[in-house]
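Welcome, and thank you for taking a look at this protein with us. Please bring up the sequence and the model, and then we can walk through some of the details together.

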Amino acid sequence: MKKKFTLLMAFIILLASSLAVPETSLASTGNEGINEKLGLPIVVYGEALSDTQKSEVVELLEVNQHEQVDEFTVNGQDLANYIGGNPNANMYSSVKIIHKDTGQGLNIEIVTKDNITEVTKEMYTNALLTAGVQDADVLVASSVKVSGHSALTGIYKAYDAKGVKLDEGRMQVASEELDVATSIAKEEGISQAEISELLTEIKKAIAEQNPATREEVEQIVKEQLQALNIELSAEDRQRLVDLFEQMRDLNIDFDQVKNQLDDLTGNIQDLINDDGFWNSLRAAVKDFFRSLSNFISSLF
């Protein structure tokens, strides 16, 4: 009987491990040495982190896998300077940035998804493209639960500290874009993936149509809401129009990032419509219990 029980437990462990779904990660970058062309990876820590929390973030961002990194700290005053936030705010979100060659795209990974409660990687991608950040791997981590808004400040400071001047107006609008995205998702009860898709499609339409007036921007917003079958309050529709009117005034050239916007659309659609993944998972679970039942029957 003991032998049968041991066999049963081994079988359960083997089947359970076969159901594990691996998750691809940008974080495991390995010890690649120093890239003299692109420069050192940059790590920016939230100032409010305790020593223990900072050590945890170092591990989460795999900082020690690089021979050298440039390290900075971001605080509430930086938040005020870059995006007009509260200078007394506690900063916990931390980021690692690895620059890539031109054309390789902007890749975002939230390493601690459970601790970034409002902002998705698609929202970060949209906002950073608005701010002018391209061709980089950006990893975001927090050792405590935070909304995730302040991570933008760390990214802005990293670029500034390395002598890359991002346009101040674009940074402000990118921050507002993140605020609009998270608040509409929360207030209107639509998914984060849907609001990200909406913002992306509006930007692509702006790139294609090059609106010259506020009325044309308003028409684009209206058309994309209809195309995606999203219902918003009049107030939130106005917030979107105001946001993209600001972008139009800044003369942001979305043609430069259109390929990345196309890639982002595909990623968001994968999130919304990934029926195949869930069907496969359900089938695997059914097979697991069917096999378990058959195995138990064979023992007795």
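Is Lys 157 buried or exposed? Lys 157 is buried, with a relative accessible area of 18%; here buried means under 20% relative accessible area, exposed means over 50%, and partly exposed lies in between, using a 1.4 Å probe and protein chains only. You will find Lys 157 in helix 5. Leaving aside residues up to four places away in sequence, Lys 157 touches Thr 73, Val 74, Asp 78 and Tyr 82, where contact means heavy atoms within 4.5 Å.

A word on the model before going on. This is a predicted model, in which local features need pLDDT of at least 70 and side-chain atom pairs count only at pLDDT 80 or more, while totals for chains, interfaces and linings use all residues. Residues are numbered from 1 along each chain as its sequence is written, and side-chain values use heavy atoms, with hydrogens and water left out.

**The whole protein**

The secondary structure comes to 11 helices and 5 strands. Helices (H or I, at least four residues) and strands (E, at least two) are DSSP runs, numbered from the N terminus. Of the 300 residues in the protein, 44% are buried. Among contacts between residues at least 6 apart in sequence, 83% join residues at least 24 apart. The accessible surface comes to about 15700 Å², and 47% of this belongs to carbon and sulfur atoms; such areas come from the Shrake-Rupley method with a 1.4 Å probe, and for residues only the protein chains shown count as cover.

**Helix 4 and its partner**

Helix 4 is largely enclosed by the rest of the structure, because 10 of its 11 residues are buried. Among them are Glu 122, Met 123, Asn 126 and Leu 129.

Helix 4 (residues 121-131) also meets helix 5 (residues 151-161): their axes come within 11 Å and cross at roughly 35 degrees. Axes are lines fitted to C-alpha atoms, for helices over the stretch in contact, and angles run from 0 to 180 degrees between N-to-C directions. On the helix 4 side, the contact is made by Tyr 124, Ala 127, Leu 128 and Ala 131, and on the helix 5 side by Ala 151, Leu 152, Ile 155 and Tyr 156. By class, this contact has 8 nonpolar, no polar and no charged residues. Ala, Val, Leu, Ile, Met, Phe, Trp, Tyr, Cys and Pro count as nonpolar, Asp, Glu, Lys and Arg as charged, and the others, Gly among them, as polar.

**Helix 9**

Helix 9 (residues 234-249) has 16 residues and reaches 22 Å from its first C-alpha to its last, close to the 22 Å expected at 1.5 Å a residue. That expected span is 1.5 Å times one less than the number of residues. Its buried residues include Asp 236, Leu 240, Phe 244 and Glu 245. The buried residues of helix 9 pack against helix 4, helix 6 (168-188), helix 7 (192-209) and helix 8 (214-227).

**Positive phi values**

Most residues other than glycine have a negative phi. Here are some places with a positive value.

| Residue | Phi | Place |
|---|---|---|
| Gly 132 | about 105 degrees | just after helix 4 |
| Asp 135 | about 55 degrees | loop between helix 4 and strand 5 (136-141) |
| Asn 229 | near 55 degrees | loop between helix 8 and helix 9 |
| Asn 251 | near 55 degrees | follows helix 9 |

Asp 135 counts as buried at 11% relative accessibility, whereas Asn 229 is exposed, with a relative accessible area of 68%.
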